[in-house]
Amino acid sequence: MARTVRPRVFVTRQLPGEALGRLGRLVDLHVWPQELPPSRDTLLAEAARSEGLVTLLTDQVDARLLAQAPGLRVVSNVAVGYDNIDVPACTERRVVVGNTPGALTETSADFAFALILGLARRVAEADAYVRAGHWRTWSPTLLLGTDVYGATLGIVGPGAIGSAVARRARGFGMRILYVSREPRPALEQETGARRVDKATLLSEADILTLHVPLTPQTRHWVGRAELAAMKPGALLVNTARGGVVDPDALVEALREGRLGGAALDVTDPEPLPPDSPLMGLPNVLLAPHIASATHATRGRMASMAVDNLLAALEGRRPPHCVNPELFP
Ligand SMILES: O=CC(=O)O
């Protein structure tokens, strides 16, 4: 950094890997040291003093924060999704926004597939059953599940992660259907996936897996009508954002047994309250939003976020910029 006064940067949590060490040699670095996110007031106060923020999906960057942070030049999100950030408001104030696409594609697809297999073959239930001492003999009727091999997979959002899931599904001999505004000829050629309309996807998928970002258009994409249109006993896997599914409709469909089960890495709200009905349902597999959580991937995400931040602080377009129109 050419300037003698180092720009002040606030990072909302400790990050794995070398990235923060590198950042600390270049900027006036302040890292929130606690496990839980900074409070809203702390985030507002830190933003007001900073030129750069490194944020996580738990940190809301909205018009109010931006109005109180006249010196803020960049918000670098350590995530591919950025629904926690009001991007139009950032663009209006010429605040650059970065994210980390690509870094987590295969890792997240691995986890989506882990949830598909775990839910269909009742892995968590089996583990709990053995640990509880219930296992007395091999039984022909014990913990029967659903075949993944040869089943029909419905993909909502065949972007980078959805396509990576499709490639895995091909290895499992699955019939792959997807919905998308645009056809994906390369994906179709590689995996045999077929683009269908929403009604066909819902009625034919044995397993529906969600990979769309959360936007006003995708909020509650899976609602009461969609759950009713799904094949009876189908499985739902969500590694996208909790808000893509209507939580009340989901509980209803699970309770009534119309939906065979749900595997949720993401929920609405996050975390789930202890008295959430989802906690008590045996046909639900829950995870704490960890699809990208491997040592290598989280280190790579932190490093990308730091690269994005430094580029913006130097007046360059970040390698991964959500509002590139700021760099005509
Ligand atoms: O959910 C995680 C991400 O958006 O990277």
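Analyst: A polar contact is a pair of N or O atoms within 3.5 Å. This model is predicted. In the model, a backbone N or O atom of Gly-81 lies 2.8 Å from an oxygen atom of the ligand. That distance is within the cut-off of 3.5 Å, so the pair counts as a polar contact.

User: What makes Val-80 a polar contact of the ligand?

Analyst: The same rule. A backbone N or O atom of Val-80 is placed 2.8 Å from a ligand oxygen atom. The limit is 3.5 Å, therefore the pair qualifies.

User: How do you know that His-289 makes a polar contact, and through which part of the residue?

Analyst: Through its side chain. An N or O atom there is 2.7 Å from an oxygen atom of the ligand. That is within 3.5 Å, so this pair is a polar contact. As for cover, the ligand has 190 Å² of accessible area on its own, and the protein covers 88% of it.

User: Which residues surround the ligand, and what makes a residue count as near?

Analyst: One heavy atom within 4 Å is enough. The residues around the ligand are Leu-57, Ala-79, Val-80, Gly-81, Leu-104, Arg-241, His-289 and Met-301.

User: How does the shell divide by class, and why does Gly-81 count as polar?

Analyst: The shell has 5 nonpolar, 2 polar and 1 charged residues. Gly is placed among the polar residues by definition, so Gly-81 falls there. Arg is on the charged list, therefore Arg-241 is the charged residue.

User: What makes strand 8 and strand 12 edge strands?

Analyst: The sheet is open, with 7 parallel strands in the order 8-7-6-9-10-11-12. Strand 8 (194-195) and strand 12 (284-286) each have a single partner strand, so one side of each lacks a neighbour in the sheet.

User: How do you know that strand 11 and strand 12 pair?

Analyst: Pairing needs at least two bridges. Strand 11 (residues 261-264) and strand 12 are joined by 3 bridges and run parallel, so they pair. Ala-262 stands opposite Val-284 in strand 12.

User: Which strands does helix 11 lie across?

Analyst: Helix 11 (residues 247-255) lies across strand 10 (235-238), strand 11 and strand 12, at about 140 degrees to strand 11. Helix 7 (residues 160-171) lies across strand 6 (152-156), strand 7 (175-179) and strand 9 (207-210), at about 170 degrees to strand 6.

User: What is the strand order of the sheet that holds strand 3 and strand 4, and how do you know that these two pair?

Analyst: The order is 2-1-3-4-5, in an open sheet of 5 parallel strands. The twist averages 15 degrees from one strand to the next. Strand 3 (residues 52-55) and strand 4 (residues 74-77) share 4 bridges. At least two are required, so they pair. Val-54 stands opposite Ser-76 in strand 4. Helix 12 (residues 295-313) lies across strand 1 (8-11), strand 3, strand 4 and strand 5.

User: Why is the bond between Asp-268 and Pro-269 worth a remark?

Analyst: Most peptide bonds are trans. This one is cis, with omega about 5 degrees. The bond from Glu-270 to Pro-271 is cis too, with omega near -5 degrees. Pro-269 is found in the loop between strand 11 and strand 12. Pro-271 lies in that loop as well.

User: What makes Arg-122 a case to note?

Analyst: Most residues other than glycine have a negative phi. Phi of Arg-122 is positive, near 60 degrees. Arg-122 lies in the loop between helix 5 (105-120) and helix 6 (123-131).

Definitions and conventions:
Residues numbered from 1 in each chain as written. Predicted model: local features only at pLDDT ≥ 70, side-chain atom pairs only at ≥ 80, totals over all residues. Heavy atoms only, no water. Polar contact = N/O pair within 3.5 Å; in protein donor to acceptor, adjacent residues only side chain to side chain. Areas by Shrake-Rupley, 256 points an atom, 1.4 Å probe, with all protein chains shown as cover. Contact = heavy atoms within 4.5 Å. Axes fitted to C-alpha atoms, helices over the stretch in contact; angles between N-to-C directions.
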